[in-house]
Amino acid sequence: MKITAAPVLVTGAAGFVASHIVRELLARGYRVRGTVRSLAKDKDLAPLRALPGAAERLELVEADLLGASAFDGPAAGCEYVLHTASPYALDVKDPQKDLVDPAVNGTVNVLAACRRAGTVKRVVLTSSMAAITDEPDSDRVLTEADWNERSTLERNPYYLSKTLAEKAAWRFVESERPGFDLVVVNPFLVIGPSIGPGLNTSNQLFVDLLAGTYPGVMNLTWGFVDVRDVALAHVAAMETAGAKGRYICAGDTIAMRPLVEVLERSGWGEGRKLPRLGMDCAAGDFAVRLSSYLQPKGVGSYLRTHVGRVPCYDTAKIQGELGIRFRPVETSVLETLDDLARWGHVTARPA
Ligand code: NAP
């Protein structure tokens, strides 16, 4: 049952995650107001406008995270706000300007606009596992009580931007008592089919795997979560009256070796350059660490902080309180690949 007749505000509506949130909200009968940076990008916005229910119930408006009062208009009259917009890139020219400023100032700008609106009851913020850790410890189970204390502008700056943005959001509600509550979703690496034509940074992993970008099978393990499950988590965080605090949002982990095996088994290896050389051993880890210094800074620090580590996390809170169940990782992976082919990011799998 719908919990509001007012439009639900979704920031960064054309993004990979947000567009699935928009689709889920429309499917449940909500009116949606989505912000985009530019309404002129017709090609990027067409898939959003074509979603079932969009013609009648989706309104798109312009807003940039860096504009102090840019969200005043969009937030006006809304009761629920899902703040998803934030730059997502591992490597940028100027980490402060390109990642931290829009993430942190943008979050505060959105929350301040919500307070000024005077109608908002709850804000759901898309944070990240990046705000939980940037160097998972293989023998320690991460929970919502964990915070990433290690990232800097030099080391995993995207992780820093997400940590500082989430901290700023909690500080805002504690110090300003704005009259709405804050619920935070912390997804791991989001994969899955895309509503729009763009290639998301996380799905780029599969394009790189097929294209031979990886010199060998490395000792890397990812926590994946399907974008459709992330969207369900956001809507559940909005609709569940008792939702509170942070929610780790992640499905299963999978290491590069079994991932490559899934791709081989299902025909995605044919005529591609899937990694074959076994580097998932101590000598391989050493080689990856060494060669990471030749990579762009953001990729290099990611490799050094993740090689040889298996993330372990507890998803009991999101499963118990929000009722989220995660799709099997193999299903998501294969559906992601088919979708990448549909959009032309990889060539289709031989029949
Ligand atoms: P995405 O497709 O790149 O979406 C990012 C969105 O942020 C885009 O809609 C973009 O708007 C908007 N944005 C960036 N800078 C902006 C600015 N200055 N002003 C206004 N909007 C701005 O990436 P995504 O994966 O969907 O990410 C969405 C959220 O999920 C982010 O908060 C990200 O940190 C979080 N997250 C993602 C993952 C993942 O693996 N994908 C994992 C955990 C958390 P434009 O369309 O105008 O570019």
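Me: Two strands pair if DSSP finds at least two bridges between them; in this predicted model, which residue of β6 is the bridge partner of Arg122?

Reply: Strand β5, which covers residues 122-126, and strand β6, which covers residues 181-187, run parallel and are joined by five bridges. Within this pairing, the residue of β6 that serves as the bridge partner of Arg122 is Asp181.

Me: Which helix packs on the sheet and touches β5, β6 and β10?

Reply: Besides being joined to each other by five bridges, β5 and β6 are touched, together with β10, by a helix whose direction makes about 165° with that of β6. The helix that packs on the sheet in this way is α6.

Me: Which strands stand at the edges of the sheet of seven strands, and by how much does the sheet twist on average from one strand to the next?

Reply: The sheet is open, its pairing is parallel, and its strands follow the order β3-β2-β1-β4-β5-β6-β10. The edge strands are β3 (58-62) and β10 (245-249), each of which pairs on one side only. From one strand to the next, the twist averages 20°.

Me: Is β5 largely enclosed by the rest of the structure or left open, and how many of its residues are buried?

Reply: A residue counts as buried when its relative accessible area is under 20%. On one side of β5, Arg122, Val124 and Thr126 are buried, and on the other side Val123 and Leu125 are buried as well, so that both faces of the strand are covered. The strand is therefore largely enclosed by the rest of the structure, and the number of its five residues that are buried is five.

Me: Which residue stands opposite Val124 in β5?

Reply: Strands β4 and β5 pair in the parallel sense, and four bridges make up this pairing. The residue that stands opposite Val124 is Leu82.

Me: Which helix lies across β1, β4, β5, β6 and β10?

Reply: The helix in question covers residues 227-239 and runs at about 155° to β5. The name of this helix is α8.

Me: How far apart are the C-alpha atoms of Ala130 and Thr163?

Reply: Ala130 is found in the loop between β5 and α6, and with a relative accessible area of 3% this residue is buried. Leaving aside residues up to four places away in sequence, Ala130 touches Asn148, Tyr158, Tyr159, Lys162 and Thr163. Although Ala130 and Thr163 are 33 residues apart along the chain, the separation of their C-alpha atoms is 6.7 Å.

Me: Why does the pair of Tyr88 and Tyr158 count as tilted, and how many residues apart in sequence are the parts that it ties together?

Reply: A search of the whole structure finds five aromatic pairs, and in one of them the rings of Tyr88 and Tyr158 have centres 4.7 Å apart and planes at 45°, so this pair is tilted. Tyr88, at 29% relative accessibility, counts as partly exposed, whereas Tyr158, at 11%, counts as buried. Because Tyr88 lies in the loop between β4 and α5 while Tyr158 lies in helix α6, the pair ties together parts of the chain whose separation in sequence is 70 residues.

Me: How many residues apart are Phe206 and Phe224?

Reply: These two residues form a tilted aromatic pair, at 5.9 Å from centre to centre and with 40° between the planes, and both of them are buried. Phe206 belongs to helix α7 and Phe224 to strand β9, so that the pair links distant parts of the chain, with a separation of 18 residues.

Me: Are helices α7 and α13 roughly parallel or roughly perpendicular to each other?

Reply: The axes of α7 (residues 204-211) and α13 (residues 329-342) come within 10 Å and cross at roughly 80°. The contact is made by Phe206, Val207 and Leu210 of α7 together with Val333, Thr336, Leu337 and Leu340 of α13, and these residues divide into six nonpolar, one polar and no charged. Angles from 65 to 115 degrees count as roughly perpendicular, and the two helices are therefore roughly perpendicular.

Me: Which residue of β11 is the bridge partner of Thr221?

Reply: An open sheet of three strands has the order β7-β9-β11 and a mixed pairing. Strands β7 and β11 stand at its edges with a single partner strand each, so one side of each is left without a neighbour in the sheet. Strand β9 (residues 221-226) and β11 pair in the antiparallel sense over three bridges, and the bridge partner of Thr221 in β11 is Ala255.

How values were computed. Residues numbered from 1 in each chain as written. Predicted model: local features only at pLDDT ≥ 70, side-chain atom pairs only at ≥ 80, totals over all residues. Heavy atoms only, no water. Axes fitted to C-alpha atoms, helices over the stretch in contact; angles between N-to-C directions. Parallel < 35°, antiparallel > 145°, perpendicular 65-115°, else oblique. Contact = heavy atoms within 4.5 Å. Nonpolar A, V, L, I, M, F, W, Y, C, P; charged D, E, K, R; others polar. Pairing = 2+ DSSP bridges. Phe/Tyr/Trp six-rings, centres within 6.5 Å; stacked < 30°, edge-to-face > 60°. Buried < 20%, exposed > 50% of the residue type's maximum accessible area, 1.4 Å probe, protein only.
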